[in-house]
Amino acid sequence: MSSTATTPASNGDQLLRVLAVDDEAPALDELVWMLGRHACVRQVVPAGSGEAALRVLHEQQVDAIFMDVQMPGLSGLDLARVLSRFSTQPPVVFVTAHEQHAVDAFELNVVDYVLKPVRDERLDQAVRRVVRQVQGRESAAEPDDDEQIVVELAGVSRLVPRSEVLFVEAQGDYARLHTTGESHLVRVPLSTLADQWREAGFVRIHRSSLVALGHISEWRTEGGRTTVVVGGHELVVSRRHTRALRDLLVRRAQPLGRGGS
């Protein structure tokens, strides 16, 4: 049987048993206090190092981990990498003063990335994201594959669900994610996202653009030029990708009058 760290504690009322990890005692005390006041948290277990956290995880069951990134010895990133190898892992939230680790957090699929000094409303948002993930894990018939992407907006790092991304544009070695009313630059090449997000319904329509099939509302062909409309944006489809995209859209459409009676 695998380590107890891989199995969330049973909590039908969704009250969380949380592990808080920070090598600085004042910061750890504050995090324990702030988490302990939250209505969704029933217990907070403190750990003063990554090694201490790993011992707790092998001995006890927890629903989520809130931890610092930069710690001597086993860092938060190191511990998150260890947990990523488990078949099921408690949701992880990074609580740190360092913005530069947001890309690493994206790669490790952490639930949230909270910057110090921690504000009550920001921590509340992170806890509620954890609760939603735990609830989904316990009740969904299928796993929730809505990946969370770490983005920065006005100096604040936050997570954007992949399902909110309408289309993606290449900008050199970066990619710009477009959601309704916003856009976010991430340090990931478009070619990488095209490979990673193919199974989630994203398709290449041009060498510099990727679209979510489910968000395409219109298809236009005029004078040999094909475009699609996604979230009010008209995007050009290259001739190379036109036939494949059209076939995908036709297959996704449900013809009227078909299906079971």
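How far apart should the ends of helix H1 be, given 1.5 Å a residue? The structure is a predicted model, and its helix H1 makes a handy starting point. H1 runs over residues 25-36, and its 12 residues should span 16 Å. The C-alpha atoms at its two ends do sit 16 Å apart, so the expected span and the modelled one agree.

H1 also has two sides to look at. Ala27, Leu28, Leu31, Met34 and Leu35 are the buried residues of this helix. They take up an arc of only 135 degrees around the axis, so they end up on the same side of H1. Turn to the other side of H1, and Pro26, Asp29 and Trp33 are exposed. Trp33 has company, too: Arg37 lies over the face of its ring, at 4.1 Å from the ring centre.

Helix H3 can be read in the same way. Its buried residues are Gly76, Leu77, Leu79, Ala80 and Leu83. Here the arc around the axis is only 160 degrees, which again puts the buried residues on the same side of the helix.

Next comes the interior. In soluble globular proteins, nonpolar side chains tend to be buried together. The largest nonpolar core in this model has 24 residues, and Leu19, Val21, Ile65, Met67 and Phe94 are the ones with the most contacts inside it. At least two residues of this core come from each of strand E1 (16-21), strand E2 (41-47), helix H2 (50-59), strand E3 (64-67), helix H3 (76-84), strand E4 (92-96) and strand E5 (112-115). A second core, separate from that one, has 23 residues, and Leu16, Met34, Val118 and Val134 are among them.

Met67 gives a closer look at the packing. Setting aside residues up to four places away in sequence, Met67 touches Val21, Gly76, Leu79, Ala80, Val92, Val93, Phe94 and Val95. One of these, Val93, belongs to strand E4 and is buried, with a relative accessible area of 0%. Beyond its neighbours within four places in sequence, Val93 is in contact with Ile65, Phe66, Met67, Val111, Asp112, Val114, Ala126 and Val130. Val93 and Ala80 are 13 residues apart along the chain, and their C-alpha atoms are separated by 9.7 Å.

What about the aromatic rings? Searching the whole structure turns up two aromatic pairs. In one of them, the ring centres of Phe94 and Tyr113 are 6.4 Å apart and the planes meet at 85 degrees, so this pair counts as edge-to-face. Phe94 sits in strand E4 and Tyr113 in strand E5, so the pair ties together parts that are 19 residues apart in sequence. Phe94 and Tyr113 are both buried. The other pair, Trp197 with Phe202, is tilted, with 4.9 Å from centre to centre and 55 degrees between the planes. Trp197 and Phe202 are buried as well.

One last stop is Thr179, in strand E9 (residues 174-179). Is Thr179 buried or exposed? Its relative accessible area is 9%, so Thr179 is buried. Apart from neighbours within four places in sequence, Thr179 is in contact with Val160, Glu164, Val165, Leu166 and His184. Ser163 lies 16 residues from Thr179 in sequence, and their C-alpha atoms are 9.2 Å apart in space.

Methods
Residues are numbered from 1 along each chain as its sequence is written. This is a predicted model: local features need pLDDT of at least 70, side-chain atom pairs count only at pLDDT 80 or more; totals for chains, interfaces and linings use all residues. Side-chain values use heavy atoms; hydrogens and water are left out. Helices (H or I, at least four residues) and strands (E, at least two) are DSSP runs, numbered from the N terminus. The expected span of a helix is 1.5 Å times one less than its number of residues. Buried means under 20% relative accessible area, exposed over 50%, partly exposed in between (1.4 Å probe, protein chains only). The arc is that of the directions from the helix axis to the C-beta atoms. A nonpolar core is a set of buried Ala, Val, Leu, Ile, Met, Phe, Trp, Tyr and Cys residues joined through side-chain atoms within 4.5 Å. Contact means heavy atoms within 4.5 Å. Rings of Phe, Tyr and Trp (its six-membered ring) pair if their centres lie within 6.5 Å; planes under 30 degrees apart count as stacked, over 60 as edge-to-face and the rest as tilted. A charge sits over a ring if NZ of Lys or CZ of Arg is within 6 Å of the ring centre and within 35 degrees of the ring normal.
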